[in-house]
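User: Please take a close look at one helix of this structure and at the surroundings into which it packs. I would appreciate a single connected explanation.

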Amino acid sequence: MMMARRSQGLSERHRKILDFLTRFQEENGYSPSIREIGDSINVKSTSLVDYYLNQLEQMGFISRDNRVSRSIRVLEPAERLLNRAVNTVRQAGRQLDDIIPIPVLGRIVASEPIPVPPSDLAYFDPDYSVEIARSLLPTRERPEDLFALEVQGDSMIDAMVNDGDTVILRRAQEANNGDMVAVWLDDRDETTLKYFYKEKDRVRLQPANPTMGPIYVENPASLRIMGKVVMVIRQVKSVAA
C-alpha cells in the first residue's frame, strides 16, 4: 500500500468565491449569505456552497463562525492569496515533475451495497484530486485512464482496504476472476467495491471480511463494471499524545 499527498488546490469556483467575498464585503461592510454566494457561482445547492467554504477555511483563506450568519471573513486580500497560490503551484511543479494528479470522483461503498443519491458526487469538485508519484504506478498504467474513489465501509478489510481509504482505479468495463472492482448495479441503483468472480449464469461479488457473505448477481447484465483497483491509499489517522 502506498501513501500519497492529497491536493486541494484552488479551483475556478474557489477563485470566484474569494473574489465575490472580497468585493461584497468592500461594498457592503458585511459578508454575503450562503445563497448569495451560490448565486454568484451559479450553484443552487447551499450544501455544495458550504462544502467549498469549508475547503477555503481549511486552506486558510477565510474564517467564519458557523453559529453566526454572515460571519465569513477573508483573511487576506483575494488577489494576494491567489497570486501566492499560483506561485506555490508553479514552484511545486518545477520540483515535482513526476507527480500526477488523479481526480477523486466520489465515494464507493465497501460493504453491503447501498443506494447512492444523485447529489452525492456533487460534493466532489472536478479539481479535487490525489497526487501520486508516477514511479509508484505500474508502468502499464496511463494517468489519463485513472480515477479515485473514497472508500466507505469495511467489507474489504482483509484486502487492506479500510473505511476512509482511497482507491485508485483504471477505467474498465470487463474484469477477470479475482479482480477487485468498483461495480454499479443498474437494477438497484447501488454501488459497491468487491472481488469479482463469474460463475456460470451469475456473478459473485466477494467481500474480504470473514463476517460478511458474498453478493450474488443473478442477472449479470444488470452489473456494470466501473473500474479495476490498481492502488490503495491508506488514510493516516492521528494518534493522541
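Analyst: In this predicted model, helix 3 turns its buried residues towards three partners: helix 1, helix 2 (34–40) and strand 2 (62–63). The residues of helix 3 that are buried are Leu48, Val49, Tyr51, Tyr52, Leu53, Gln55 and Leu56. In soluble globular proteins, nonpolar side chains tend to be buried together.

The length of helix 3 can be checked by a short calculation. The helix has 13 residues, and at 1.5 Å a residue it should span 18 Å; the expected span uses one less than the number of residues. The C-alpha atoms at its two ends are 18 Å apart, so the model agrees with the expectation. After helix 3 comes Gly60, which has a positive phi, near 85°.

Helix 1, one of the partners, can be treated in the same way. Its 17 residues should span 24 Å at 1.5 Å a residue, and its end C-alpha atoms are 24 Å apart, which agrees. Buried in helix 1 are His14, Ile17, Leu18, Phe20, Leu21, Thr22, Phe24 and Gln25. Just after this helix, Gly29 takes a positive phi of about 80°.

Ile17 shows the packing at the level of a single residue. Leaving aside residues up to four places away in sequence, Ile17 touches Ile37, Ile41, Tyr52, Leu53 and Leu56. Of these, Tyr52, Leu53 and Leu56 are among the buried residues of helix 3.

These contacts lead to the wider nonpolar core. The largest nonpolar core has 31 residues, and Ile17, Ile37, Ile62 and Ile168 touch the most other members. Two or more residues come from each of helix 1 (12–28), helix 3 (46–58), strand 4 (99–109), strand 6 (129–133), strand 7 (146–152) and strand 13 (223–233). Helix 3 gives the most to this core, with six residues. Another core, of 15 residues, lies apart from it; Leu149, Met156, Val167 and Leu193 are among its members.

The loop that leads into helix 3 offers a contrast in exposure. Asn42 lies in the loop between helix 2 and helix 3. Its phi is positive, near 60°, although Asn42 is not a glycine. Asn42 has a relative accessible area of 71%; exposed means over 50%, so Asn42 counts as exposed.

Key:
Residues are numbered from 1 along each chain as its sequence is written. This is a predicted model: local features need pLDDT of at least 70, side-chain atom pairs count only at pLDDT 80 or more; totals for chains, interfaces and linings use all residues. Side-chain values use heavy atoms; hydrogens and water are left out. A nonpolar core is a set of buried Ala, Val, Leu, Ile, Met, Phe, Trp, Tyr and Cys residues joined through side-chain atoms within 4.5 Å. Buried means under 20% relative accessible area, exposed over 50%, partly exposed in between (1.4 Å probe, protein chains only). Helices (H or I, at least four residues) and strands (E, at least two) are DSSP runs, numbered from the N terminus. Contact means heavy atoms within 4.5 Å.
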